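Me: I would like to go through the reasons behind some of the labels used for this model. Please set each value against its cut-off before you conclude.

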Amino acid sequence: GEVQKNHELIHSLQQREMLYVFFYIWYILEWSFLLFRYRDSHKAYLKIGFEREAYSMENDLDYPKRRKHYDWFKFVKF
């Protein structure tokens, strides 16, 4: 539905601002660090800054319009 589309749109904005390749590099590095920390792949996935932003804001369908570049970084918690 619309919420899932919004979630994926947020990821598209993240990817574009990270020039795509750096998005995936950061994603894998952060997930690896979190996996080491939590020893749980699903928990690590949910703690990734990109995912935290997308899940937190997916219900706000206007968020992509007012979102600032690199807002995902506010959701990174090590």
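**Labels and their reasons**

Reply: In this predicted model, isoleucine 25 belongs to helix H2, which spans residues 21-38.

Me: Why is isoleucine 25 called partly exposed?

Reply: Its relative accessibility is 42%, and since buried means under 20% and exposed means over 50%, with partly exposed in between, isoleucine 25 counts as partly exposed. Isoleucine 25 also contributes, with Leu19, Val21, Phe22 and Leu29, to a nonpolar surface patch of about 500 Å².

Me: What makes the contact between glutamate 53 and arginine 67 a salt bridge?

Reply: The N to O distance between their side chains is 2.6 Å, and because the criterion is a Lys or Arg side-chain nitrogen within 4 Å of an Asp or Glu carboxyl oxygen, the pair qualifies as a salt bridge. The two partners are 14 residues apart, glutamate 53 lying in helix H4 and arginine 67 in the segment after helix H5 (63-66), and both are buried.

Me: How do you know which of aspartate 71 and lysine 74 is buried and which is exposed?

Reply: Aspartate 71 has a relative accessibility of 10% and therefore counts as buried, the limit being under 20%, whereas lysine 74, at 60%, counts as exposed, the limit there being over 50%. Their side chains meet in a salt bridge at 3.2 Å, N to O. Elsewhere, salt bridges with shared partners join Glu17, Glu53 and Arg67 into one network.

Conventions
Residues are numbered from 1 along each chain as its sequence is written. This is a predicted model: local features need pLDDT of at least 70, side-chain atom pairs count only at pLDDT 80 or more; totals for chains, interfaces and linings use all residues. Side-chain values use heavy atoms; hydrogens and water are left out. Patches are made of residues with over 30% relative accessible area and no salt bridge: like charges are joined within 9 Å, nonpolar side chains (Val, Leu, Ile, Met, Phe, Trp, Tyr) within 5 Å. Accessible areas come from the Shrake-Rupley method with a 1.4 Å probe; for residues, only the protein chains shown count as cover. Helices (H or I, at least four residues) and strands (E, at least two) are DSSP runs, numbered from the N terminus. Buried means under 20% relative accessible area, exposed over 50%, partly exposed in between (1.4 Å probe, protein chains only).
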